[in-house]
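Notebook open, viewer running. I'm jotting down what I look up, in the order I look it up.

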Amino acid sequence: MSRDSKHLLIGGLIIMSMAVPTATTANENDLKLTIVNPQNLYDPTPNGYSTAVIVPREGRVAYISGQGGQDSTGALSPDFAVQVRQAYANLRTALDALGAKPDQVAKLTVFVVDHDMSKLEVLTKNVKEMFGASLPAQTLIPVPKLAIDPMLFEVEAVVMLK
């Protein structure tokens, strides 16, 4: 490495280290998601989601891959409601593995094969059972098929870790 390169490298490290903010420790109680449902927008809470969710600056974020309705053996029920219930149980297991709780989920994306309005009741029931009043932001995407042909439902999550 040339002398000029070494000076640039050292200078860059000094500048970079000067720009690093000092670490602050947040009280765990301060690390809560803020749910935002503006009054001048449609109230989404009866349908099991919130308009927006703010993660506090000190929060770390984790992404949980899509969880389908497979049980621990990989078996899938042909019944949509059973798959949804199992997918949320699988999501709960993934949260547990991260040391997180449902009230730390900021965003859900759900994928529904051949979506129709009759499936909304099943989805809303399961979301409300899992999240209670701490409803995450959520997007439902109708799809013609998922990774495995018998899969009818999949849910992925963005989670704030404490």
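What share of the contacts in the protein chain with a separation of 6 or more comes from residues 24 or more positions apart? I get 75%, with contact meaning heavy atoms within 4.5 Å.

**Ground rules.** I'm working on a predicted model, where local features need pLDDT of at least 70 and side-chain atom pairs count only at pLDDT 80 or more, while totals for chains, interfaces and linings use all residues. Residues are numbered from 1 along each chain as its sequence is written, and side-chain values use heavy atoms, with hydrogens and water left out.

**Overview.** I find three helices and six strands in the protein chain. These are DSSP runs numbered from the N terminus, with helices being H or I of at least four residues and strands being E of at least two. Read from the N terminus, the order is α-β-β-β-α-β-α-β-β. Of the 162 residues, 35% count as buried; the cut-offs are under 20% relative accessible area for buried, over 50% for exposed, and partly exposed in between, with a 1.4 Å probe and protein chains only. The chain exposes about 10,100 Å², and carbon and sulfur atoms supply 57% of that. Those areas come from the Shrake-Rupley method with a 1.4 Å probe, and for residues only the protein chains shown count as cover.

**Sheet.** I looked up the strand order next. There is an open sheet of four strands, E3-E6-E4-E5, with mixed pairing; two strands pair if DSSP finds at least two bridges between them. E3 and E5 (137-143) are the edge strands, each with a single partner, so one side of each has no neighbour in the sheet. On average, neighbouring strands are turned by 10° against each other, direction ignored. Axes here are lines fitted to C-alpha atoms, for helices over the stretch in contact, and angles run from 0 to 180 degrees between N-to-C directions.

**E4 and its partners.** E4 pairs with E6 in the antiparallel sense over seven bridges. I noted two of the residue matches: Lys 107 has Val 158 of E6 as its bridge partner, and Val 112 has Phe 153. With E5, E4 pairs in the parallel sense, over seven bridges, and Leu 108 is matched there to Gln 138. The chain goes from E4 through H3 to E5, a right-handed β-α-β crossover: with the strands pointing away from the viewer, the path from the first strand over the helix to the second runs clockwise. Why do I call E4 largely enclosed by the rest of the structure? Because eight of its nine residues are buried.

**H3.** What covers the buried residues of this helix? The cover includes H2, E4, E5 and E6. Among those buried residues I see Lys 119, Leu 123, Asn 126, Val 127 and Phe 131. After H3 comes Gly 132, with a positive phi near 60°.

**Cores.** I pulled the nonpolar cores, meaning sets of buried Ala, Val, Leu, Ile, Met, Phe, Trp, Tyr and Cys residues joined through side-chain atoms within 4.5 Å. The largest has 30 residues, and Tyr 88, Leu 91, Phe 131 and Phe 153 have the most contacts inside it. E3 (60-68), H2 (80-98), E4 (105-113), H3 (118-131) and E6 (153-161) each supply at least two residues. H2 gives the most, seven residues. Apart from this core lies another, of six residues, including Leu 31, Leu 33, Ala 106 and Ala 137.

**Two spot checks.** Val 36 is in strand E1 (residues 34-36). I log it as partly exposed, because its relative accessibility is 31%. Beyond its neighbours within four places in sequence, Val 36 is in contact with Thr 51, Ala 52 and Ile 54. Its C-alpha is 9.8 Å from that of Pro 136, 100 residues apart along the chain.

Where is Thr 45? I find Thr 45 in the loop between E1 and strand E2 (52-54). Thr 45 is also partly exposed, at 27% relative accessibility. Not counting residues up to four places away in sequence, Thr 45 touches Asn 37, Lys 128 and Leu 135. From Thr 45 to Ala 137 I get 9.9 Å, C-alpha to C-alpha, with their positions 92 residues apart in sequence counted as the separation.
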